[in-house]
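Thanks for coming, everyone. Let me put the model on the screen and walk you through it.

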Amino acid sequence: IGDAYLAVNEPKTQHDDRTIGALVLLHLAMAMLRIIVQVRDEVDHQGLNMRIGLHHGQFVAGVIGSNQLRFDIWGEDVLIGNQMESSGEPGRICCSETFVQVLKDFKEFSFTERELVNCAGSTRMLQSYLLDPPHGIGTGLVETRPSQHARRSGKTARHLTAKKTKGQKAKSEACNIS
């Protein structure tokens, strides 16, 4: 989608646990922001940043083209995800109300209401939310994986993992990495 990166998690028609898929994408988004902050600091390019938008929904997928084949996805929920990214803030993760509802049982993640988004190409208007720090990363004001300079100075990073045991819901745990 232009200069944007689009990712989907487990494109299935039936999901055993949609929360796991949402957690996987949320952790991917947090990792992407940590890496951007790390690279920005290492190359000293303060203008390097990204916005991330997350939404939960359905889509249609297929291969298009005759000379150059491409895999693509379409649908109202794809447009809503794109709109969440477009209306977000650099260095932050903007989530739709639908995505936030999927993760409502995970109290370690908190979200701040942002704005009502009129989703282009859709008849829906959705509330958008920003993932709060420390998980929401921000614009580099949160610790990242240490660069060589940071390792010498003793700074640490937070690394998030999701764990699930049989019969239990997944839960996120944070541990420090030196």
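In which sense do strand 5 and strand 6 pair, and over how many bridges? They pair in the antiparallel sense, over 6 bridges, with strand 6 covering residues 125-131. Pairing here takes at least two DSSP bridges between two strands. Strands (E, at least two residues) and helices (H or I, at least four) are DSSP runs, numbered from the N terminus. One bridge to look at: Leu116 is partnered by Gln127 in strand 6.

Some ground rules. This is a predicted model, where local features need pLDDT of at least 70 and side-chain atom pairs count only at pLDDT 80 or more, while totals for chains, interfaces and linings use all residues. Residues are numbered from 1 along each chain as its sequence is written, and side-chain values use heavy atoms, leaving out hydrogens and water.

Now the whole sheet. It is open, with 4 strands in the order 1-4-6-5 and mixed pairing. Strand 1 (52-54) and strand 5 (111-118) are at the edges, each with a single partner strand, so one side of each has no neighbour in the sheet.

Next, helix 2, residues 76-86. It lies across strand 1, strand 4, strand 5 and strand 6. Which of its residues are buried? Asp77, Val78, Ile80, Gly81, Met84 and Glu85 are. Buried means under 20% relative accessible area, with exposed over 50% and partly exposed in between (1.4 Å probe, protein chains only). Down the axis of helix 2, the buried residues fall within an arc of 160°, so they line one face. That arc is taken from the directions from the helix axis to the C-beta atoms.

Key: Contact = heavy atoms within 4.5 Å. Axes fitted to C-alpha atoms, helices over the stretch in contact; angles between N-to-C directions.
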